Amino acid sequence: MSLEAPEIRILGIQLSQELPGKKIAGYELSRSEKMQKIGFMNRDSSDYERMIGRIVGKVDYRGMAIVIGLDKRMNLVLAPEYGGEIRLHKSAEEMPKKFHFKIEFTDGGVLSVRLKSMGGILALDDEELLKSWAFARDMEGGIYPLDESEFTFENFSHAIRDNNTGMKTILVGKDAVVVGFGNAAYQEIIFQAKIHPKRKGVELKEKEIRSLFKAIETVIKRRLAKKGKDEFVDLYGTPGKHKLIMGSNFRDQPCPRCGTTITRAAMGGGHVHFCSSCQKLG
Ligand SMILES: [Zn+2]
């Protein structure tokens with residue numbers, strides 16, 4: 001289960017309420033070798049020492065990444081894109097046994113990050129941040145659907161009208177039109193919009209682009225109202241309550257709208273679940 005834009009926003013808001021002003025006393029990495037090797041974490045563990053003594057300033061978030069700004073031009077980037085838990089504990093005793101990264105604050109509090117699969121935990125100075133993949137993808141890339149000034153129908157339809165790729169590429173990954181969605185939101189959005197996964201942006205009629213735009217808004221609103229997906233837990237360990245409206249939980253099940261058995265197909269480097277009756281090829 002990935003942490004997508006709505007869940008990242010929930011965490012981002014909570015982190016901005018809790019962390020500013022806290023001073024970092026120490027850190028610890030655990031089972032992090034693989035992530036360091038592939039560049040999701042700093043290759044040189046001593047890079048993280050630059051955070052010690054730093055005070056948390058502003059917390060930013062966009063897409064699937066959170067940037068915790070520290071004084072003296074340092075930053076901690078958290079982008080657990082394939083899922084994970086970011087938790088704040090009042091003391092070290094409350095810490096879970098398994099984690100990949102933790103920061104201890106001088107007030108005794110501990111921030112822990114546990115990744116489910118791949119995901120970024122990077123200590124970067126301001127210059128390194130600007131050159132990082134997380135910054136290019138999440139902070140600068142695409143249209144952020146949680147920002148009303150960016151996510152307008154005009155911007156969205158302009159970006160999608162000439163797009164010659166299928167729904168997954170439009171919604172997920174580095175070339176996506178919108179930033180912040182993974183496989184879960186992708187399947188929910190196209191089901192909500194009644195659009196077949198094989199459709200390309202360029203093929204969509206004005207009315208369908210409108211449906212897709214509305215579906216993105218609806219999926220985000222629902223997730224936020226339910227405090228995230230049901231497999232997600234927030235900064236305090238409280239689980240979300242949103243049950244996905246489409247996805248692997250509907251494998252071999254009837255479509256909740258029309259009763260047709262849900263189709264599961266390999267497409268775009270993964271599996272997609274959809275209703276061949278509601279979601280038209282055009
Ligand atoms: Zn259906």
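In this predicted model, C278 is a buried residue, with a relative accessible area of 13%. C275 is buried as well, its relative accessible area being 0%. Both cysteines take part in a zinc site: the ion is coordinated by the SG atoms of C255, C258, C275 and C278, at 2.2 to 2.4 Å. Along the chain, these donors follow the spacing C-x2-C-x16-C-x2-C. The angles subtended by the 4 donor atoms around the zinc ion run from 101 to 114°, and the arrangement is therefore tetrahedral. For orientation, the ideal angle for four tetrahedral donors at a metal is 109.5 degrees.

Turning to the overall layout, the domain assignment of the protein gives two segments, domain 1 (5-140) and domain 2 (153-274). The contact between them draws 20 residues from domain 1 and 17 residues from domain 2. Their C-alpha centres are 28 Å apart. C275 and C278, two of the zinc donors, carry numbers that follow the end of domain 2 at residue 274.

The size of an interface is often expressed as the accessible area lost when the parts come together. By this yardstick, domain 1 and domain 2 bury about 1,600 Å² between them. Carbon and sulfur atoms account for 67% of that buried area. On the polar side, 8 residue pairs are found in polar contact across the interface of domain 1 and domain 2, with both residues of each pair at pLDDT 80 or more. The count of salt bridges between the two domains is 1. A salt bridge links R223 and E7, where the closest N and O atoms lie 3.2 Å apart; by the domain bounds, E7 belongs to domain 1 and R223 to domain 2.

Beyond the interface, it is worth looking at charged pairs in general. The whole structure holds 20 salt bridges. One of them joins K58 to D60, with 2.7 Å between the closest N and O atoms. The two partners can be described by their accessibility: K58 is exposed, at a relative accessible area of 58%, whereas D60 counts as partly exposed, at 33%. The numbering places K58 and D60 within domain 1. Another salt bridge brings together the side chains of E217 and K214, at 3.7 Å from N to O. E217 and K214 fall within the bounds of domain 2.

Notes. Residues numbered from 1 in each chain as written. Predicted model: local features only at pLDDT ≥ 70, side-chain atom pairs only at ≥ 80, totals over all residues. Heavy atoms only, no water. Donors = N, O, S within 2.8 Å, 3.2 Å for Na, K, Ca; no water. Tetrahedral: all angles 85-135°; square planar, octahedral: opposite > 155°, others 65-115°. Buried < 20%, exposed > 50% of the residue type's maximum accessible area, 1.4 Å probe, protein only. Domains from an automatic or database assignment. Contact = heavy atoms within 4.5 Å. Buried area = accessible area lost by both parts, 1.4 Å probe. Salt bridge = Lys/Arg side-chain N within 4 Å of Asp/Glu carboxyl O. Polar contact = N/O pair within 3.5 Å; in protein donor to acceptor, adjacent residues only side chain to side chain.
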